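Work through the exercises below with the sequence and the coordinates open. Each task is followed by a solution in steps.

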Amino acid sequence: MLLSGFGTFLWLLNLAMLVLAVVALFLSATAREDAYRAADKQTKKFWVIILGITVAVNLIVPMLFLQIAGLVATIVFMVDVRPAVHQISGGGGRRGGGSSSDGPYGPYNGGR
């Protein structure tokens, strides 16, 4: 009984790692190439290859050591690279559709 519960846990853990890697791969592939350079991160090609290998490992060769290495790469992308690239690409936290002259406390009116 306990072993079947552990097997279910491992299956769910593998599924969660796969889903996270697929989402990261999609986000890395849809971001602009120049945003990676502007954010001073590795190239788009680098991240697409690394995350593609991670997805392949999770699907084809589910070895825990390789999956953990891929999970580390996925987490680095999601926590460090994606926010920087997203901010460069124009998704920098403005929720109300403000203008480019908006400051942190509202629109800048040129000292008037």
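## Exercise 1: R37 and its partner

R37 is exposed, with a relative accessible area of 54%. The model is a predicted one.

Task: Find the residue with which R37 forms a salt bridge, and place both residues in the secondary structure.

Solution.
1. Exposed means a relative accessible area over 50%, and R37 has 54%, so R37 falls in that class.
2. The salt-bridge partner of R37 is E33, with 3.6 Å between the closest N and O atoms.
3. A salt bridge requires these atoms to lie within 4 Å, and the R37–E33 pair has 3.6 Å.
4. E33 is partly exposed, its relative accessibility being 31%.
5. Both residues belong to helix α2, which covers residues 33-38. They are four residues apart, or about one turn of the helix.

## Exercise 2: The other salt bridges

Task: State how many salt bridges a search of the whole structure finds, then describe the pairs that involve R32 and K41.

Solution.
1. The search finds three salt bridges. One of them is the R37–E33 pair of the previous exercise.
2. R32 pairs with D34, and their closest N and O atoms are 3.0 Å apart.
3. R32 has a relative accessible area of 41% and is partly exposed. D34 is also partly exposed, at 35%.
4. K41 pairs with D80 at a closest N to O distance of 3.1 Å.
5. This pair links distant parts of the chain: K41 sits in the loop between α2 and α3 (44-60), while D80 is in helix α4 (residues 64-88), 39 residues apart.
6. K41 is partly exposed at 27% relative accessible area, and D80 is partly exposed at 39%.

## Exercise 3: Overall architecture

Task: Give the order of helices and strands along the sequence, and state what share of the residues is buried.

Solution.
1. The protein contains four helices and two strands.
2. Their order along the sequence is α-α-α-α-β-β.
3. Of the 112 residues, 21% count as buried, the cut-off being a relative accessible area under 20%.
4. The exposed surface is about 7,900 Å², of which carbon and sulfur atoms supply 68%.
5. Among contacts with a separation of 6 or more, 61% are between residues 24 or more positions apart.

## Exercise 4: The nonpolar core

Task: List the residues of the largest nonpolar core and say which helix gives the largest share.

Solution.
1. In soluble globular proteins, nonpolar side chains tend to be buried together.
2. The largest nonpolar core here has 11 residues: A24, A31, A35, Y36, A39, W47, L51, F77, V81, A84 and V85.
3. At least two core residues come from each of α2, α3 and α4.
4. The largest share, four residues, is from α4.
5. A core member in helix α3 is W47. W47 is buried, with a relative accessible area of 7%.
6. Beyond its neighbours within four places in sequence, W47 is in contact with S28, Y36, Q42, A73, V76, F77 and V81.
7. W47 and V81 are 34 residues apart in sequence, and their C-alpha atoms are 9.3 Å apart.
8. A35, another core member, touches V85, I88 and S89 when residues up to four places away in sequence are not counted.

## Exercise 5: A buried threonine

Task: Decide whether T74 is buried or exposed, and list the residues that T74 touches beyond four places in sequence.

Solution.
1. T74 lies in helix α4.
2. With a relative accessible area of 2%, T74 is buried.
3. Not counting residues up to four places away, T74 touches L20, A21, A24, L51 and T54.
4. Of these contacts, A24 and L51 belong to the largest nonpolar core.

## Exercise 6: The largest pocket

Task: Give the volume of the largest pocket, name its lining residues and identify the helix that supplies the largest share of them.

Solution.
1. The volume of the largest pocket is about 160 Å³.
2. Its lining consists of L27, T30, A31, R32, Y36, F77, R82, V85, H86 and S89.
3. Helices α1 (2-30) and α4 each supply at least two lining residues.
4. The largest share, four residues, is from α4.
5. A31, Y36, F77 and V85 occur both in this lining and in the largest nonpolar core.
6. R32 of the lining also forms the salt bridge with D34.

Definitions and conventions
Residues numbered from 1 in each chain as written. Predicted model: local features only at pLDDT ≥ 70, side-chain atom pairs only at ≥ 80, totals over all residues. Heavy atoms only, no water. Buried < 20%, exposed > 50% of the residue type's maximum accessible area, 1.4 Å probe, protein only. Contact = heavy atoms within 4.5 Å. Areas by Shrake-Rupley, 256 points an atom, 1.4 Å probe, with all protein chains shown as cover. Salt bridge = Lys/Arg side-chain N within 4 Å of Asp/Glu carboxyl O. Core = buried A, V, L, I, M, F, W, Y, C linked by side-chain atoms within 4.5 Å. 1 Å grid on protein atoms, 1.4 Å probe; cavity = no way out; pocket = protein on both sides within 12 Å on 5 of 7 lines; lining within 4 Å. Points joined across faces, edges and corners; volume = space filled by probe spheres on them.
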